[in-house]
Amino acid sequence: MSQEKSLYEQVGGSAKVDALVDRFYDLMDLEESLAHLRAMHSQNLSESREKLKCFLSGWLGGPDIYSPKHGHPMLRARHLPFQIGLQERNQWLACMYQAMKDCGIEGALAARLEESFFKTADWMRNQAN
């Protein structure tokens, strides 16, 4: 009996998650349309990159490397200090969707991830707009 591969495996494992996160933050630095989102982060993105790589590993069904280093993700609680409305959600998603495209994540896998990312990003909203 064959077992379905995890999203982590379908994406391409650690190397692809690292590439995705690096492209995500590179785009945030490069694209003027993402300036508002970029301003919500510290000047040095090293810690943000590391945490998102660790988080996505487990979120995609790969090794849980976030919790041993940083504790329970408590995703919404960790983001409460930031005002996250439609603009922030949409910029985050645009950045992630472009990073996925640039990293060659396409087709049904991309559609599945886009849906999951949308649900998570929308759940993070804490502003009414």
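## Close-up views of a predicted model

**View 1. Helix H7, end to end.** At 1.5 Å a residue, the 17 residues of H7 should span 24 Å, and this agrees with its end C-alpha atoms, which are 24 Å apart. The structure shown here and in the other views is a predicted model. H7 covers residues 86-102, with Arg89 among them. After H7 comes Gly104, which has a positive phi, near 80 degrees.

**View 2. The buried face of H7 and what covers it.** Glu88, Arg89, Gln91, Leu93, Cys95, Met96, Ale99 and Met100 are the buried residues of H7. (For "Ale99" read Ala99.) Their cover includes H2, helix H3 (35-39), H4 and H8.

**View 3. Arg89 in its surroundings.** Is Arg89, a residue of H7, buried or exposed? Arg89 counts as buried because its relative accessibility is 11%, below the 20% cut-off. Beyond its neighbours within four places in sequence, Arg89 contacts Ile84, Phe118, Ala121, Asp122 and Arg125.

**View 4. The largest nonpolar core.** This core has 34 residues, and Leu56 and Leu113 have the most contacts inside it. Helix H1 (7-11), helix H2 (13-30), helix H4 (46-59), H7 and helix H8 (107-123) each supply at least two of the core residues. Which helix gives the most to this core? H2 does, with 7 residues. In soluble globular proteins, nonpolar side chains tend to be buried together.

**View 5. Contacts of Leu113.** Leu113 is one of the two residues named for the most contacts inside the largest nonpolar core. With neighbours within four places in sequence left aside, Leu113 is in contact with Leu7, Val11, Leu60, Met100 and Ile105. Met100 is also one of the buried residues of H7.

**View 6. Phe117 on helix H8.** Phe117 is part of helix H8. Phe117 counts as buried because its relative accessibility is 3%. Not counting residues up to four places away in sequence, Phe117 touches Leu56, Trp59, Trp92, Leu93, Met96, Tyr97 and Met100. Phe117 and Tyr97 are 20 residues apart in sequence, and their C-alpha atoms are 9.0 Å apart in space.

**View 7. The aromatic cluster.** Which residues form one aromatic cluster together with Phe117? They are Phe24, Tyr25, Phe55, Trp59, Tyr66 and Trp92. Trp59 and Trp92 are also among the residues that Phe117 touches. Across the whole structure, a search finds 6 aromatic pairs.

**View 8. The largest pocket.** The largest pocket has a volume of about 830 Å³. It is lined by 27 residues, of which Tyr25, His41, Leu75, His79 and Trp92 are the closest to its centre. H4, helix H6 (75-79), H7 and H8 each give two or more residues to the lining. H4 gives the most to this lining, with 7 residues. Tyr25 and Trp92 also belong to the aromatic cluster of View 7.

**View 9. Ser46 and Gly104.** Ser46 is found in helix H4. Ser46 counts as partly exposed because its relative accessibility is 46%. Ser46 and Gly104 are 58 residues apart along the chain, and 23 Å separates their C-alpha atoms.

Key:
Residues numbered from 1 in each chain as written. Predicted model: local features only at pLDDT ≥ 70, side-chain atom pairs only at ≥ 80, totals over all residues. Heavy atoms only, no water. Helix = DSSP H or I, 4+ residues; strand = E, 2+ residues; numbered from the N terminus. Buried < 20%, exposed > 50% of the residue type's maximum accessible area, 1.4 Å probe, protein only. Contact = heavy atoms within 4.5 Å. Phe/Tyr/Trp six-rings, centres within 6.5 Å; stacked < 30°, edge-to-face > 60°. Core = buried A, V, L, I, M, F, W, Y, C linked by side-chain atoms within 4.5 Å. Expected span 1.5 Å × (residues − 1). 1 Å grid on protein atoms, 1.4 Å probe; cavity = no way out; pocket = protein on both sides within 12 Å on 5 of 7 lines; lining within 4 Å. Points joined across faces, edges and corners; volume = space filled by probe spheres on them.
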